[in-house]
Amino acid sequence: MIGNLTRRGMLKTGAAGLTMMISSGAAQRLSAQDGGGQVTIGFSQEPTVMNPHLPHIEVDEGIHFNLFDPLFTIRTDGSFQPALAREVPTVENGGISEDGLSWRVLLREGVTWHDGTPFTAEDVKFTLELQADPAFNAMRRTGHELVRNVQVVNDHEITWEMESPFAPYPSILAWTFIVPAHILGEADDPNTAPFNNSPVGTGAFQFGERVAGNYVMLEAYPDYWGEGPHLDRAIWRYIPDMTVLYTQFRTGDIDVIGLQGIPFDRLDQAEGLDDREIVIAPAATVESFTFNMERPQFKDPAVRQALYHALDKQTIIDAIYYGIPKPTETFLPLQSPYAKTDLETVEYSLDRAREILDEAGWVPGDDGIRVKDGVRLAFTNSTTAGNSVREQTQQFVQQDFADIGVEMTISNLPPAVMWGEYWMQSQFDSVIVGINFPTGADPDVSNYLHSSSISAQGGAGQNTWQYSNPRVDELLEEGGRLFVTDERKAIYDEVQQIVHDDLPFLPMFQYMNLRGHKTGLEGFDPNVNVRIETWNVAEWRWA
Amino acid sequence: MTAIPDTRPKMRGARFLQSRGMRRFFRHKLAVLGLAMITLIAVACIVGPWLLPHDMLDIDIRGRFSPPLTDTYLFGTDEMGRDLAARLFMAGRVSLMVGVAAMVLSTVVGTVIGLLAGHFGGALSTALMRFTDAFLCFPQIFLLLALAAFLEPDAMMITIIIALTSWMEIARIVAAEIRSLRERDFVTAARVSGASHAWIMFRELLPNAAGPIIVAATLTVARAILIEAYVSFLGYGIQPPLPSWGNMLNNAQQYLDSAPWLAIVPGVAITLAVTSFNFIGDGLRDALDARSDMP
Amino acid sequence: MATFLLRRLGHSLLLLVLVSIIGFALLNLAPGGPLSQFALSPGMTQADLDRIAEQMGLNRPLPVQYLDWAGGLFFGDWGASFRDGRSVLSVISGHLFATLLLMAASTIISVGLGTLVGVLGATRRYSLFDQLATVGAMVALSIPTFWFGLVAIYVFALELGWLPAGNMYTIGDQSLGDYAIHLILPSVVLALVNVAIWSRYMRSAMLDVIGQDFVRTARAKGLRSQRVLWRHIIRNALIPMITLAGLQLPTLLSGALVTETVFTWPGMGRLFLDSLNYNDYPVVMGILMFTAILVLLGNLAADILVAAVDPRVRLE
């Protein structure tokens, strides 16, 4: 441990020594970045997609947040904070019309791209239009496809119209990073532009270099419009193995342990490490045991109810997850103002489970497995192969289910197979999966619960449990049109109540991620509303 | 019979049991040790689970990570509080079965392809050997993982996958051996006397190529057990709750410093079993290889 | 020689075509696909996934995709990675150095140590050393590499703190010494198995040569045994080893894969596994073709080298 301190001490001295040698003008500019130094973040997946609008995974967003800015960002408490916009458009301040159809956004002045070019409304127009450009391989179009008639009023004001009111759009804009029209707009093909591997943004850090398979390095952007950065350099190191990731955190090779973080069983040990701070960070993802509701076994609500009673959440959490995550009854993160926290807690009781099945006419057959109308209460359960905690959960659940005369067979698949058609086209019986239901901080869950989102039935969303309830459809459509929090709250309360009664999936717990950093790093503040903990490196500093 | 001098090699392998090779094998101390070890392991795996007081599936989540020799837990308990000894022996059944079955399967495939290619020669031989070469061009791990994506990873599929990716060497060895035997007098004699292709291949050629096949097959068992462990390490192995030495080791790696016995016990089991097969293979090679008569 | 080369070239091309068809079919026919990694992103819809598939050309008939890819390959365009859009050749070359470095270090260790152990074992057959070496090699062959690697990290990086737990260099340092320190653990772990293989083969090759007539002749002529050993035995024993080295090429990738994963070594093995996990077809196919070419070249080079070293062998 002493060795690590010395090494970091040397780095800081080195940086300070460097500052003294630099001419006064440059030194003045650098003085804004008090402290300096660098931070090395370990990730167990590799950031590869630098263009924030091309298809990417969560780890890539850890870089995007620091290279680029959206119009406004979402803070840890769920509030929006202006970034490239001067203020967050709302109905109250006239940024959004009463009917939700006309939008006007005032833009920050004096912002420059990393190449020195001023940022203007043209960049915003370009970014919004790029999302719907048929020639561009945009990742998601939800919301953006409703945007019409984008008008640049002047360099710092922009307006557009929406085809229909869409309440989640502010949350979508909070992850829509503005990209430079003067670079990407000039490219022959934005899908393959050089920009995609040497990105230029307005963020606190500019692109340094990426050594594929190894690391991504960003350098401080001295002319950043906002607060920070307080570091000279940030490095994201790719460490593919979880055990090795944690080991390198222990040895001090990395300053921050990010994505996938510390294995739960190491929490006690990690908290005992010298000069390390461990952060237990809630994430929006909810782990659930999901059903394919078109399977004959699961069409009977009694079966889903009984299995819920046979699911010993608390023991699973205590024993397999070391008591770290919190049990939940709903699909929204408990930090969300929309989360319904007074849902009835379904108690763990194998007797009750048996009773429900008996009443519903599921009687044990010769082999002890229950049968009704020729349907055996037997099914497979799948998840990502190699996920050892989930495999332990499966084995634990399997025993309790067997106790009540239900046969569950484990059939795990490699990730590429698991989350391909097998998942999207509902080819499974049941799955253990963690899903981030809300759209950013917005409670809209149409993509997962509206009956028009069942892709196995030709729908366009991700309602893979094939859940269909007309009342829920109605509520979701209404909620998606409303911009007033209180009115929406009542709607989503009802949605949560109905889903809790219908049980297309059994909610288990909300994720808690174990992250950690060296003592002395300030500003590390995981945000439940974004997917990655390196969303605010601009605010990090060494004490 | 006197017209044609009997140039047959000493039916290596076929008459192995009464042969000088047998005596030579038993003089090979390591081979005997290997045979003894693997017999012991096999017996333990077959009988063990009945003798132990715990079932390998009994979960006692509150009593997990008990170190070896806690109460009646010979090797302690694992991350779910299951008896490690019971799991180890059950896993041994699975791993050894996978190893042996993969060996049988790949030996049969490799031998048939090698026999056909070696015996018939010509275009068939070229086609078969190019096909073999093409498979050899693939990194084995690619074939393993690509096939694993197709098939649901249960014990039988893992066996098939391992066999499908390890028959090529045997095919090559057999083809080379057969090619050199094909022109020998006893084969010519059989051909002249009107024996069928099948007769020549299976009654004349195969017994005489048995030595190298037996050696290669023994080593294939060793490798198959290791491959099963690797596939499990990469997360494509045999599914829980069925244990295999590979997935036990894979699950144990994250507890290496807190509960090292979880990794040590299956690690030692794999090493012992694989070493035994390697010893036996080495002994067989010495015993069946005529050249080892040389000083 | 020229006809030999031409024929080998023809065979090799045929093999490459065969390998590419098998590989392409295996990859593309497998369930799942490159888009599955995006499925669990918030707000991802089936419509988005369909559109991306269309954009990437993944919904064209397989033979069309194959011909498109193979045609590109023929003209030197190996395609672009699905993950970061860079050309496959530059992705591969970006990872090549790390693997070559690791290979070189571990090959030096395994050939050096393996030859030594093999020669000593053969010259003192059945001595205590030979028996220990035999047992040692067998055990080394039987230890799962990843397990050995993890134990090595645990002991040398965590408990003793002597060596880094992984990575190829410290960012910002990158001196020769820094590379060397990072190289020690992975190359030794990777060499473990190869020392065992190499020493076993060397031993038996030596024994083969020792038994041959020309050695007896040399000895009978009264040549000193040291001289016989070096001039005749080791030199001749090394000939089959050259072939072995050529045949070992494809196993390099597989062997390196596990080691690179455990030691976070940014090489080809790791790239291969990642590309396979993300179904980055162009990169997987690229690496596949690259290794296949390497294997074929390795075999060819081994044949030519053997002919150069061994006057009895003639290429025909």
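The accessible surface of chain B amounts to about 12,200 Å², and 68% of it belongs to carbon and sulfur atoms. Please keep in mind while reading that this is a predicted model.

**Chain B as a whole**

Let us stay with chain B for a moment. It has eleven helices and zero strands, so its element order can be given as α-α-α-α-α-α-α-α-α-α-α from the N terminus on, with helices defined as DSSP runs. Of its 295 residues, 59% count as buried. If we take the contacts in chain B between residues at least 6 apart in sequence, 73% of them join residues at least 24 apart.

One feature of the surface is worth a visit. Val43(B), Ile46(B), Val47(B), Trp50(B) and Leu51(B) form a nonpolar patch there, and together they have about 560 Å² of accessible area. Val43(B) belongs to helix α2, residues 29-51 of chain B. How far is Val43(B) exposed? Its relative accessible area is 45%, so Val43(B) is partly exposed, given that this class lies between 20% and 50%.

**Salt bridges within chains**

Over all chains, the count comes to 38 salt bridges. Three that lie within a chain are set out here, with the N to O distance for each.

| Pair | Closest N to O distance |
|---|---|
| Arg354(A) and Asp351(A) | 2.8 Å |
| Arg376(A) and Asp367(A) | 2.7 Å |
| Asp133(B) and Arg172(B) | 2.9 Å |

The pair Arg354(A) and Asp351(A) sits within one element: both residues lie in helix α12 (residues 350-359) of chain A, three residues apart, which is about one turn of the helix. Arg354(A) is partly exposed at a relative accessible area of 25%, while Asp351(A) counts as exposed at 54% relative accessibility. In the next pair, Arg376(A) counts as partly exposed, with 35% relative accessibility.

Where do the two partners of the chain B pair lie, Asp133(B) and Arg172(B)? The salt bridge between them links distant parts of the chain: Asp133(B) is in helix α4 (residues 122-137) of chain B and Arg172(B) is in helix α7 (residues 168-182) of chain B, 39 residues apart. Asp133(B) counts as buried because its relative accessibility is 13%, under the 20% limit. Arg172(B), at 31% relative accessibility, counts as partly exposed.

**Where chain A meets chain C**

Now to the interface. The size of an interface is often given as the accessible area lost when the parts come together. Chain A and chain C bury about 4,300 Å² between them, with 54% of this on carbon and sulfur atoms. Chain A brings 59 residues to the contact and chain C brings 44 residues.

What polar links cross this interface? Between chain A and chain C there are two salt bridges. Asp84(C) forms a salt bridge with Arg210(A), where the closest N and O atoms are 2.6 Å apart. Arg210(A) and Asp84(C) are also members of a network of salt bridges that links them with Glu46(A), Arg83(C) and Arg86(C). Across the same two chains, 18 residue pairs are in polar contact, both residues being at pLDDT 80 or more.

On the side of chain A that touches chain C, the elements giving two or more residues include the strands β7 (205-211), β8 (215-220), β9 (233-238) and β18 (430-435), along with the helices α7 (242-251) and α14 (415-418). Among the elements of chain A on that side, α7(A) gives the most, with five residues.

Notes
Residues numbered from 1 in each chain as written. Chains lettered and ligands numbered in written order. Predicted model: local features only at pLDDT ≥ 70, side-chain atom pairs only at ≥ 80, totals over all residues. Heavy atoms only, no water. Patch = residues over 30% accessible without salt bridge, like charges linked within 9 Å, V, L, I, M, F, W, Y side chains within 5 Å. Areas by Shrake-Rupley, 256 points an atom, 1.4 Å probe, with all protein chains shown as cover. Salt bridge = Lys/Arg side-chain N within 4 Å of Asp/Glu carboxyl O. Helix = DSSP H or I, 4+ residues; strand = E, 2+ residues; numbered from the N terminus. Buried < 20%, exposed > 50% of the residue type's maximum accessible area, 1.4 Å probe, protein only. Contact = heavy atoms within 4.5 Å. Buried area = accessible area lost by both parts, 1.4 Å probe. Polar contact = N/O pair within 3.5 Å; in protein donor to acceptor, adjacent residues only side chain to side chain.
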